Amino acid sequence: MTTVAGHDEAIEAIKQLKARYFRLMDTKQWDAYREVFTDDMAFYFESEDAPTASSGDEFVAFVRSRLATALTIHHGHMPEIELTSPDSARGVWAMFDWVDDPDQHRAFQGFGHYHEEYRRGEDGRYHVRTTVQGPFIVKAKLCLIFGLNRCVMSFPFLS
């Protein structure tokens, strides 16, 4: 681990960044959400082979389209954050989310880990530089709450 002046403050700033990440996504504040990421942000979804998005703008557009009609709640827990230089860090976060999207006839829970890299910008704040999400475990909920017209998504790999 790199020894960095202001270590505790940097760790807390990254925790606050991740809290904003989840809150702004769940409340669909897309312009403010974009400020969480570097311009050259890379997003990998369940694979490190090729990025799903190669910029902060592409990533926000991707998330916005996937969650357009969904109600979501995301939680990040138990951060493991390591400062790698005075202006960079990496972290691993356990996560849980609930996605309810009546327009798409789906409701599910997901859990897994985010693996991220952070960089301090010219504004003095940390931003997400790289996110690798997954693999996640997704469990569909039974129709007990929503009735038979909104049934379980099929996940044969969970059988």
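This report walks through the core, one helix, the charged pairs, the ring pairs and two buried sites of a predicted model.

## The nonpolar core

The largest nonpolar core has 31 residues. Tyr21, Tyr33, Phe37, Phe59 and Tyr118 touch the most other members. Several elements give two or more residues to this core: the helices α1, α2 and α3, and the strands β1, β2 (71–85), β3 (88–101), β4 (106–120) and β5. The largest share comes from α1, with eight residues.

Take Tyr118 from that list. Leaving out residues up to four places away in sequence, Tyr118 touches Ile14 and Leu17. Its other contacts include the run Asp87, Ser88, Ala89, Arg90 and Gly91, and also Trp93. Tyr126, His127, Val128 and Arg129 are touched by Tyr118 as well.

## Helix α3 and its two sides

Helix α3 covers residues 56–66. Which of its residues are buried? They are Gly56, Phe59, Val60 and Val63. Seen down the axis of α3, these residues fall within an arc of 95 degrees, so they line one face of the helix. The face turned away from the buried side carries the exposed residues Asp57 and Ser65.

What covers the buried residues of α3? The cover includes α1 (7–26), α2 (30–34), β1 (37–45) and β5 (126–133). Phe59 thus appears twice: as a buried residue of α3, and among the core residues that touch the most other members.

## Charged pairs

Side chains of opposite charge can pair when their charged atoms come close. This structure holds eight salt bridges. Three of them are listed here.

| Salt bridge | Closest N to O |
|---|---|
| Glu116 – Lys18 | 2.6 Å |
| Arg119 – Asp40 | 2.7 Å |
| Asp101 – Arg106 | 3.4 Å |

Start with Glu116 and Lys18, which form a salt bridge. Glu116 sits in strand β4 and Lys18 in helix α1, 98 residues apart, and the pair links distant parts of the chain. Are the two partners buried or exposed? Both Glu116 and Lys18 are buried.

Next come Arg119 and Asp40, whose side chains meet in a salt bridge. Arg119 lies in strand β4 and Asp40 in strand β1, so this pair ties together parts that are 79 residues apart in sequence. Arg119 is partly exposed, at 33% relative accessibility. Asp40 is partly exposed too, at 35%.

The third pair is Asp101 with Arg106. Asp101 is buried, with a relative accessible area of 1%.

Salt bridges also form a network that links Arg34, Asp39 and Asp57. Asp57 has already been met, on the face of α3 turned away from its buried side.

## Ring pairs

How many aromatic pairs does the structure hold? It holds eleven. In one of them, the rings of Tyr21 and Phe22 have their centres 5.2 Å apart and their planes at 90 degrees, so the pair is edge-to-face. Both Tyr21 and Phe22 are buried.

Another pair is Phe43 with Phe62. Their ring centres are 5.4 Å apart and their planes stand at 45 degrees, so the pair is tilted. Phe43 belongs to strand β1 and Phe62 to helix α3, and this pair links parts of the chain 19 residues apart. Phe43 is buried, at 1% relative accessibility. Phe62 is partly exposed, with a relative accessible area of 23%.

Ring pairs also build a cluster. Its members are Tyr21, Phe22, Trp30, Tyr33, Phe37, Phe43, Phe59, Phe62 and Tyr114.

## Two buried sites around β1

Thr38 is in strand β1. It counts as buried because its relative accessibility is 8%, under the 20% cut-off. A polar atom of the Thr38 side chain lies 3.1 Å from the backbone nitrogen of Met41. Beyond its neighbours within four places in sequence, Thr38 is in contact with Gly56, Arg119, His127, Val128 and Arg129.

Ala53 is in the loop between β1 and α3. Ala53 is buried, with a relative accessible area of 1%. The C-alpha atoms of Ala53 and Met41 are separated by 7.8 Å, and the two residues are twelve apart along the chain. Setting aside neighbours within four places in sequence, Ala53 is in contact with Met41, Ala42, Phe43, Glu58 and Phe59.

Notes:
Residues are numbered from 1 along each chain as its sequence is written. This is a predicted model: local features need pLDDT of at least 70, side-chain atom pairs count only at pLDDT 80 or more; totals for chains, interfaces and linings use all residues. Side-chain values use heavy atoms; hydrogens and water are left out. Buried means under 20% relative accessible area, exposed over 50%, partly exposed in between (1.4 Å probe, protein chains only). Helices (H or I, at least four residues) and strands (E, at least two) are DSSP runs, numbered from the N terminus. The arc is that of the directions from the helix axis to the C-beta atoms. Contact means heavy atoms within 4.5 Å. A polar contact is a pair of N or O atoms within 3.5 Å; within protein, one must be able to donate a hydrogen and the other to accept it, and residues adjacent in sequence count only if both atoms are side-chain atoms. A nonpolar core is a set of buried Ala, Val, Leu, Ile, Met, Phe, Trp, Tyr and Cys residues joined through side-chain atoms within 4.5 Å. A salt bridge is a side-chain nitrogen of Lys or Arg within 4 Å of a carboxyl oxygen of Asp or Glu. Rings of Phe, Tyr and Trp (its six-membered ring) pair if their centres lie within 6.5 Å; planes under 30 degrees apart count as stacked, over 60 as edge-to-face and the rest as tilted.
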